[in-house]
Amino acid sequence: MTTTAGAPIADNQNSLTAGPRGPVLMQDYQLLEKLAHQNRERIPERVVHAKGWGAFGTLTVTHDISRFTRAKLFGAVGKSTPMLARFSTVAGELGAADAERDVRGFALKFYTEEGNWDLVGNNTPVFFIRDPLKFPDFIRTQKRHPVSHLRSATAAWDFWSLSPESLHQVTILMSDRGIPVSPRFMNGYGSHTYSFWNDNGERFWVKFHFKTRQGHRTMSNADAATVIGQSRESYQEDLFGSIEQGDYPRWTVFVQVMPELDADKTAYNPFDLTKVWPHADYPLIEVGVIELNRNADNYFEEIEQAAFSPSNIVPGIGFSPDKVLQARIFAYADAHRYRLGTHYEALPVNAPKCPVHHYHKDGSMKFFRTPTGAADAYYEPNSFGGATQDPSVAEPPLRLSGDADRFNHRDGNDDYSQPGALFRILGAEQQRRLGQNIAASMKGVPAFIIDRQLGHFDKADPAYGQSVRQALLELDIEFTA
Ligand code: NDP
Ligand code: HEM
């Protein structure tokens with residue numbers, strides 16, 4: 001055993017004191033170092049998605065999609081790419097119970113030969129908002145009230161009832177799928193529209209789907225209360241435990257692909273994060289399978305320090321005009337620089353498994369040599385053999401137009417058809433439970449807010465509004481609409 005400076009340690013049991021009953025001497029640097037390190041063991045938790053569970057695995061391609069994308073990870077059937085997955089709840093803090101009703105994060109990092117591709121999605125195909133300016137407001141309503149320091153059902157339903165675009169996601173959240181038994185038993189979705197581009201310079205819009213091969217398994221509110229009473233860590237136990245036992249969870253990977261110019265024709269905005277693309281219009285195309293087969297050797301180093309960002313794309317995969325995606329391209333890397341430090345991408349779990357060349361200099365945690373390719377090449381262009389650009393990986397140009405303005409994103413937007421379609425898919429039993437889950441979450445919410453929200457349920461499907469009213473009556477919760 002040594003100090004952090006490498007000097008051997010003679011005694012790790014007893015502090016250095018002036019006599020057996022005397023005070024500790026200032027020169028006991030071993031003690032000082034030990035206490036100082038403990039004081040620095042915590043880093044800020046993620047501002048959202050703080051509670052999480054992760055594992056390593058592989059993506060294996062089973063079907064050729066190279067006609068859509070030149071991304072090398074999809075280059076050949078049978079090709080396998082190492083990856084990391086981190087699942088999470090959105091609102092709970094680092095110590096939150098796992099089995100809470102919430103959307104689950106479904107974040108994937110693929111260590112490809114052309115850099116890391118991060119697909120930072122959820123277990124739902126849509127989201128609560130379609131304009132990123134509303135994200136911090138929305139998250140306020142999910143986190144603790146500034147005075148009571150409690151979660152506030154009033155804030156949540158106030159915001160949702162004033163934001164009809166949330167109805168689709170709220171319906172999924174309150175349905176059976178709102179509390180999966182563990183991450184193994186839920187689907188994942190890239191949620192946003194991204195793009196693919198191929199060797200011919202053609203662009204396609206794309207949505208990613210990951211269907212659980214373990215089947216869907218969910219918990220009722222009552223099941224979840226029992227589980228949480230027994231263990232707050234049910235997801236970690238299930239995911240870590242199954243991988244330790246060699247029972248590796250798998251998801252089938254699909255894409256929906258839309259030719260670039262179709263985006264001008266669809267009745268709905270295909271870049272609206274509150275909408276899905278109906279399967280009948282854009283069928284699922286099978287791509288491959290992801291399998292998680294290795295637990296982290298150290299949770300903090302490899303899961304807590306994992307930094308996923310929608311800004312991490314690779315040649316052949318691109319962004320889309322989705323407004324929320326555009327904001328996320330900023331938000332994540334910014335969060336990592338704050339939460340982990342300037343050189344977070346050089347941490348082992350985040351470091352690409354391909355050569356890296358850049359000219360970013362110095363800063364805290366600079367524990368590696370700047371990988372420019374040559375010692376005298378510390379700027380670019382240079383005459384000393386430093387790394388240079390490669391025009392062959394340029395994305396095809398994207399035509400954009402329009403007046404710069406703050407357009408009302410609710411004008412003429414149909415927020416009700418797709419939630420209504422989902423409600424009708426659920427069938428009578430699930431519809432009843434949906435109503436009950438919603439009513440249960442409305443305890444303590446003022447009647448005028450409930451009334452406003454009932455109007456949204458009615459517009460999606462009158463039977464939806466009725467099932468919630470019935471459940472509100474059963475729980476004796478006041479409403480007038
Ligand atoms: P389809 O009839 O082709 O498929 C229905 C979809 O609903 C399936 O993907 C199914 O997932 C999913 N589903 C079933 N129960 C739930 C639930 N409680 N929460 C979330 N998803 C659920 O549907 P369409 O494509 O015509 O779309 C109809 C509605 O289905 C949409 O408005 C949307 O709400 C929902 N949906 C659509 C998706 C899409 O990408 N088109 C994706 C997910 C949901 P599974 O196959 O895993 O059982
Ligand atoms: C985590 C911002 C929307 C999925 C985070 C983090 C931030 C953030 C700052 C913490 C990052 C970290 O510290 O590591 C935003 C903003 C959004 C938005 C500003 C909208 C404007 C979304 C959407 C999805 C999503 C639409 C899914 C479709 C996730 C996931 C994580 C996360 C899965 C956790 C990643 C991990 O496991 O480390 N988000 N988010 N977010 N977000 Fe978002």
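**Ligand shells and a helix pair in a predicted model**

UniProt, in an unreviewed entry, lists residues 2–388 as "domain: Catalase core". The model described here is predicted. Over residues 2–388, the chain is 21% helix and 19% strand. The C-alpha atoms at the two ends of this stretch lie 43 Å apart.

Two ligand shells were examined. Ligand 2 is surrounded by 27 residues. H49, G105, P132, F135 and S191 come nearest to ligand 2. Helix α8 (323–339) and the strands β2 (80–89), β3 (104–112) and β4 (115–122) each supply at least two residues of this shell. The most comes from α8, which gives 8 residues. By class, the shell around ligand 2 has 15 nonpolar, 8 polar and 4 charged residues.

Around ligand 1 there are 16 residues. The closest are S175, V276, H279, Q418 and L422. Helix α9 (residues 417–440) provides the largest share of this shell, with 4 residues. The shell around ligand 1 comprises 9 nonpolar, 4 polar and 3 charged residues.

A helix pair was also analysed. Helix α10 spans residues 447–460, and helix α11 spans residues 462–474. Their axes come within 4 Å and cross at roughly 140°. Angles over 145 degrees count as roughly antiparallel, and 65 to 115 as roughly perpendicular. The crossing angle therefore makes α10 oblique to α11. On the α10 side, the contact is made by L454, F457, D458 and A460. On the α11 side, P462, Y464, G465, V468 and R469 take part. The residues of this contact divide into 6 nonpolar, 1 polar and 2 charged.

How values were computed: Residues numbered from 1 in each chain as written. Chains lettered and ligands numbered in written order. Predicted model: local features only at pLDDT ≥ 70, side-chain atom pairs only at ≥ 80, totals over all residues. Near = placed C-beta within 6 Å. Nonpolar A, V, L, I, M, F, W, Y, C, P; charged D, E, K, R; others polar. UniProt positions renumbered as here; feature names shortened; annotations may be inferred. Axes fitted to C-alpha atoms, helices over the stretch in contact; angles between N-to-C directions. Parallel < 35°, antiparallel > 145°, perpendicular 65-115°, else oblique. Contact = placed C-beta atoms within 7 Å.
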